[in-house]
Amino acid sequence: MMDYIEKIKNFETLDLIAKAKQLSQKERYDTITLERAIFLSWWCDKGDCGFCYMSTQKNKIKDPKSARRKIDAILAEAELCKRIGWNIEFLSGGYDSFTSSEIKSIATDIYDITNNPVWLNTGITEDLEEYGEEIIGITGAVEIANPTLHNKICPSKPLDQIGSMLDKAGDLGFKKAITVILGLGETIDDIEYLIQYIKNHGIDRVIFYSLNPHKGTEFENSSQPASLYYAGVIASIRLTFPKIEIICGTWTDNLANIGILIESGANGITKFPLFKMFGTRYGKRVEEEVKWTGKKLQGTFTDTEKLGIAKSDFNPALDKFIKRYIEESLNNKY
Ligand code: SF4
C-alpha cells in the first residue's frame with residue numbers, strides 16, 4: 001500500500017489507474033450501477049457533523065416529526081428507482097428520525113417493491129437483531145479517514161462505536177459498508193488508516209463522496225478534492241481490495257470526474273439529484289461518461305418512457321407521489 005501512496009505523491013497516479021483498470025477487467029467489472037440514497041428525514045438528533053447540511057437545520061426545525069418524509073413518498077421513490085433500473089444505495093436518515101421498527105417496516109415494503117433487500121445507513125444502533133431478510137447490509141458513516149479529524153468533525157459518532165456496530169452486523173450475517181468523504185482535511189497518507197479500517201472490520205463496500213461544501217457549514221468555502229487525488233484514492237483501494245464494491249459520489253459540478261473514477265475501479269456512481277437531472281443534458285452527460293469507459297450502464301438517466309405511468313404496481317396510496325416525481329422528471333429545467 002505504501003507503494004501506492006508513494007506513486008500518488010510522485011504524480012504517477014495515471015500508472016495506478018491503468019493497473020486498477022486492468023484489475024477491474026480481470027474481475028469482469030463491466031457494468032456500472034446508478035445508485036440512489038433514499039432519505040427518510042431532514043432531521044438529525046446529533047446535528048453536529050461539521051460538513052453536514054443537517055447541522056445547519058437543527059435549530060430551525062421545531063418539530064422533528066415534521067421533517068420526516070411521508071412513507072408513501074419514500075416507497076414511491078423506490079418504485080421509480082426500480083422502473084429506471086437504479087439501485088437503492090441505502091436508506092438514510094438522521095439520528096432519531098424513525099424508530100428501528102419503522103425502518104424495518106419501510107425496508108420490508110421496499111424489498112417487496114424492488115425484490116432486493118436494502119442497505120441501511122441510519123446511524124449507530126444497538127438494535128440490529130430486529131432486522132432480517134429485508135436488510136442486506138449495514139453502513140457505518142466513517143466519513144473521515146483520519147481519527148483525530150473524525151473526532152473533531154463528527155464528535156457524536158465515534159469511530160470505535162461504528163466499528164463495533166459493523167462487527168456485530170457481520171456476526172449477524174449482514175454485509176458491511178462504510179462511507180468516506182474526501183476533502184475534509186485528510187491527506188493522502190491517511191489512506192493507510194482507511195485500508196486498515198477496511199481490513200479490521202471486513203468491509204464489503206466503500207462509498208466515497210467528494211466534499212459538497214454546504215452553505216452555513218465550516219466547509220462552505222472549501223474546495224472539492226482534485227480529480228486525480230480522488231482517482232488515486234479509488235485506484236489504491238481497488239488494487240488493495242480486488243473484490244470490494246466501490247461506489248463513487250460526484251455532484252453535478254463534477255460530472256467530468258465520473259469517467260476517471262470508473263477507470264480507477266468504481267463499480268457504481270451516486271449522489272445525483274435524480275428527478276432534477278433525469279432526462280436532461282446532465283443525465284445524458286452521466287451516460288456519456290460511462291459510455292466512454294467502454295462499460296455498460298445498468299439503468300437509465302435519460303429514457304423517460306421507463307418512468308412509466310402515474311400508477312403504482314404496489315399500492316394505490318403511492319400514485320400521487322409517483323405522479324409528482326414523474327412530473328418533476330419530465331418538467332425539470334435543470
Ligand atoms: S450524524 Fe449524519 S445526519 Fe447527523 S449531522 Fe452527522 S452526518 Fe449529518
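## Helix α6 and its surroundings

Asp160 and Asp171 are exposed on one side of helix α6, where exposed means that 12 or fewer other C-beta atoms lie within 10 Å of the residue's own, partly exposed covers the range in between, and buried takes 20 or more, with C-beta atoms placed from the backbone. On the other side from these two aspartates we find Ile162, Met165, Leu166 and Ala169, which are buried. The four buried residues share the same side of α6 because they cover an arc of only 100° around its axis, the arc being that of the directions from the helix axis to the C-beta atoms.

A word on the model before going on. It is predicted, so local features need pLDDT of at least 70 and side-chain atom pairs count only at pLDDT 80 or more, while totals for chains, interfaces and linings use all residues. Residues are numbered from 1 along each chain as its sequence is written.

Helix α6 runs over residues 159–171 and has 13 residues. From its first C-alpha to its last it reaches 18 Å, close to the expected 18 Å, a span taken as 1.5 Å times one less than the number of residues. Helices are DSSP runs of H or I with at least four residues, strands are runs of E with at least two, and both are numbered from the N terminus. What do the buried residues of α6 pack against? Their partners are β4 (135–143), β5 (175–182) and α7 (191–201), with contact meaning C-beta atoms, placed from the backbone, within 7 Å. Just after the helix, Gly173 takes a positive phi of about 95°.

### Residues in loops and a strand

Most residues other than glycine have a negative phi. Two residues here are worth a look in that light. Phe11, in the loop between α1 (2–9) and α2 (13–26), has a phi near 60°. Lys271, in the loop between β8 (268–270) and α10 (274–277), has a positive phi of about 80°. The table sets out their surroundings, together with those of Gly123 and Gln298.

| Residue | Other C-beta atoms within 10 Å | Class |
|---|---|---|
| Phe11 | 10 C-beta atoms | exposed |
| Gln298 | 15 C-beta atoms | partly exposed |
| Lys271 | 20 C-beta atoms | buried |
| Gly123 | 21 C-beta atoms | buried |

Gly123 sits in the loop between β3 (118–121) and β4. Its C-alpha is separated by 7.3 Å from that of Ala141, 18 residues apart along the chain. Gln298 belongs to strand β9 (residues 296–298). Leaving aside neighbours within four places in sequence, Gln298 is in contact with Thr31, Ile32, Thr33, Leu34 and Gly85. By contrast, the C-alpha atoms of Gln298 and Ala256, 42 residues apart along the chain, are separated by 19 Å.

### The ligand shell

Of the 13 residues around the ligand, Cys44, Cys49, Cys52, Met54 and Gly94 come nearest; a residue counts as near if its C-beta atom, placed from the backbone, lies within 6 Å. By class, the shell has seven nonpolar, three polar and three charged residues. Here Ala, Val, Leu, Ile, Met, Phe, Trp, Tyr, Cys and Pro count as nonpolar, Asp, Glu, Lys and Arg as charged, and the others, Gly among them, as polar.

### The whole chain

Stepping back, the protein chain has twelve helices and nine strands. Its radius of gyration is 19 Å, which agrees with the value near 20 Å for a compact globule of 334 residues. That radius is taken over C-alpha atoms, and the globule rule is 2.2 Å times the number of residues to the power 0.38. Along its principal axes, the C-alpha trace spans about 55 × 40 × 40 Å. Buried residues make up 46% of the 334 residues. Among contacts between residues at least 6 apart in sequence, 76% join residues at least 24 apart.

Technical notes: Two residues are in contact if their C-beta atoms, placed from the backbone, lie within 7 Å.
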